[in-house]
Amino acid sequence: MSGGEGTGKFTVEENYMGEQKRRRRRNFLAGLAVLIGAAVVLLGVHFLDNPAPSSSDDGAGEPPAEREAGDADRVTGQPEEGAVAEMRRDVEQSGITWTFDREHAVGRFVNGDWWVVAPEGESSVRVEQVDPAPVRGPDGEEGSRRHGSMADPEPGGSQGYDSRARGYSEEASVEFPYELKVNTSLVSTRSRPEDDVFNPPGTGLYGNERSRGYPSDAAVLTCLPEVPPADAFRPPYSGEEKPILRAGALDLDRLPSLEPVENTPSLSHYERGFERVWLDHVIDWPGQNIRPNNHMPSYGRDMARHLGDAALLLCLDDIGDRTRLAKGLVQTGIDFYGIGAAGGGWPANGGHGHGRKLPIVLAGYLMYDPGGGGEANDLAYEMLHIGRKPRYGEDGAWRFQEDENHFFVSQTDLERRLDVERCRGYALSATEETIGVNHPGRYAPLQGNVLEITDGPGAGQRRRIVESTVPRTGGEGVLTVSEPWEEIPVEGESHYQVRGYEEHHLGMPEWGIVHAAAPQRDNPSWQAEYRGLVGYSSTGFTLAARLIGLKEAWNHDPLFAYMDRYMEETSGRSLSGFAGSMWTRYRGDPAGEKD
């Protein structure tokens with residue numbers, strides 16, 4: 001089946017009442033299973049048809065029919081629907097083991113992460129130790145840390161995992177034994193070895209990317225007051241709020257079923273990529289240092305690419321069962337929602353923060369029932385409509401780079417003096433195709449911009465800048481222009497000015513590196529710093545949002561209009577070849593007419 005924008009079977013607000021009876025029946029049965037499961041826990045017995053793996057077992061679920069390269073590292077232990085608790089003194093995930101003071105009721109969320117229930121009348125579970133245990137660095141220096149843990153990690157600039165990473169705080173690092181309180185998430189990590197090369201190409205989960213994270217692995221243990229539903233997602237690891245959303249609410253029939261393109265990647269690769277926790281609570285560029293190498297890409301650009309590719313896979317038919325991948329993306333969306341709700345966010349800055357909004361909106365879309373009720377359904381609605389939250393500059397703002405970057409050029413933008421326009425003055429030198437200038441603007445490259453001689457010899461001539469020797473941090477340099485001067489400017493007499501936005505730009509969808517917070521740093525040049533990097537890694541998640549029908553709920557039209565412009569201007573340039581092919585197939589030839 002082929003299709004374009006909004007090819008999903010349901011729009012956001014449609015009330016598909018035909019599903020309601022089946023949904024109520026499923027919810028009733030799930031509730032009954034929970035009651036039975038709670039009774040089993042109290043009796044301290046196991047369900048014989050769903051025994052949980054022992055602490056020495058890696059928890060392997062049913063393997064795929066054909067394992068591909070890297071599947072040996074698959075996070076195992078995703079339970080079958082209906083699996084319940086058992087009494088254990090230790091649990092293991094991703095090579096990290098927690099040991100309790102005594103046996104407690106434990107079980108797994110649908111993504112395979114562990115929960116533990118505090119005994120009746122008690123408000124915590126004592127975690128005696130974690131393996132690998134937190135230790136100091138190789139020199140034993142005070143305040144150094146490897147294999148660190150955090151409880152309900154607060155979004156911001158601090159982390160307690162590894163002192164080699166930026167923002168290390170000894171106060172944020174958990175010491176063991178530790179009293180894990182009810183409704184608290186314990187995030188524990190395994191640090192990369194000291195001799196492991198930092199930032200090498202071709203390492204980690206995604207072999208074509210560099211790894212900048214110091215942890216190799218991470219796992220989340222959540223303490224709850226009672227046994228959760230068998231189909232519960234893990235609540236967010238950030239923040240004190242621990243809402244429970246359920247996989248039984250997922251309606252994958254809302255997804256489109258498009259025909260795959262020729263270079264469609266392996267479903268199992270992306271299932272693997274979203275089985276383990278994505279740590280993203282350290283804001284902006286320092287966050288890349290805490291992202292586990294075996295779990296996720298460390299650079300925001302690459303995160304955006306893989307989030308987009310995974311969402312596009314959910315749009316395709318005849319590629320296998322999409323349920324596992326959908327659950328992984330939804331869990332990631334729940335975690336990202338928790339980060340934002342706890343005061344975190346992803347402000348616009350280079351290639352670090354874009355792509356995080358998609359899994360939040362997607363999770364809400366797949367779980368929100370327009371005819372339903374209850375706190376979980378209200379939360380799904382909130383996630384779906386996260387685009388209605390306050391923006392930068394407003395109280396309680398939710399910050400998403402993909403929204404803060406993009407705007408329609410307004411009269412205010414035309415009247416604002418940009419940093420590139422600070423390049424003005426009298427010529428320092430000139431030849432037939434060059435002019436010497438002084439440019440005080442920092443990180444405001446001039447290539448691609450228009451320079452005009454505004455006074456003196458050669459006045460009225462406009463040329464596009466094709467090369468510049470001005471340092472990145474500003475200063476003097478020589479500009480090479482697109483064609484020879486008709487009248488060569490004269491040193492000390494010809495006045496030059498680099499132009500910003502002009503009348504013909506009015507209403508144009510545009511990108512600015514930090515537009516919401518510092519619009520003076522906008523740069524109309526197609527060669528503006530990070531314009532290409534952000535654009536070519538945004539193809540997948542913006543296209544997926546269109547195909548699934550999330551554009552209206554997203555509530556930021558400049559992003560989608562700009563991506564149409566970007567793909568046309570670049571003839572379809574995309575970091576992901578798969579996303580590029582999907583764009584050409586389902587958004588139209590970049591040089592052709594748009595729908």
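In the predicted model, strand β10 (residues 424-426) and strand β16 run antiparallel and are joined by three bridges, with G425 of β10 standing opposite Y496 in β16. Strand β16, which comprises residues 495-498, also pairs in the antiparallel sense with strand β13 (residues 450-455), in this case over four bridges, and the bridge partner of L451 within β16 is V498. In a regular strand, the side chains point alternately to the two faces of the sheet. For β16, both faces are covered, since H495 and Q497 on one side are buried, as are Y496 and V498 on the other. Y496, the residue opposite G425, and V498, the partner of L451, thus belong to one side of the strand, and H495 and Q497 to the other.

These strands form part of a protein with 13 helices and 17 strands. Of its 595 residues, 56% count as buried, and among contacts between residues at least 6 apart in sequence, 70% join residues that are at least 24 apart.

Two of the helices may be described by their span and their burial. Helix α3 (residues 300-313) has 14 residues and reaches 20 Å from its first C-alpha to its last, a value close to the 20 Å expected at 1.5 Å a residue; 13 of these 14 residues are buried, and the helix is accordingly described as mostly covered. Helix α4 (residues 323-341) has 19 residues, for which a span of 27 Å should result at 1.5 Å a residue, and the distance of 26 Å between its end C-alpha atoms agrees with this expectation. Because 16 of the 19 residues of α4 are buried, this helix is largely enclosed by the rest of the structure. Just after α4, the backbone at G343 takes a positive phi of about 105°.

A helix pair was also examined. Helix α5 (residues 357-367) packs with helix α6 (residues 375-384) at an angle of about 140°, and the axes of the two helices lie 7 Å apart. Angles over 145 degrees would count as roughly antiparallel, and the two helices are therefore oblique to each other. The crossing of α5 and α6 is left-handed. On the α5 side, the residues in contact are I360, V361, A363, G364, Y365 and M367, and these meet N377, A380, M383 and L384 in α6.

Note on methods
Residues numbered from 1 in each chain as written. Predicted model: local features only at pLDDT ≥ 70, side-chain atom pairs only at ≥ 80, totals over all residues. Heavy atoms only, no water. Expected span 1.5 Å × (residues − 1). Buried < 20%, exposed > 50% of the residue type's maximum accessible area, 1.4 Å probe, protein only. Pairing = 2+ DSSP bridges. Axes fitted to C-alpha atoms, helices over the stretch in contact; angles between N-to-C directions. Parallel < 35°, antiparallel > 145°, perpendicular 65-115°, else oblique. Left-handed = near helix turned anticlockwise from the far one by under 90°. Contact = heavy atoms within 4.5 Å.
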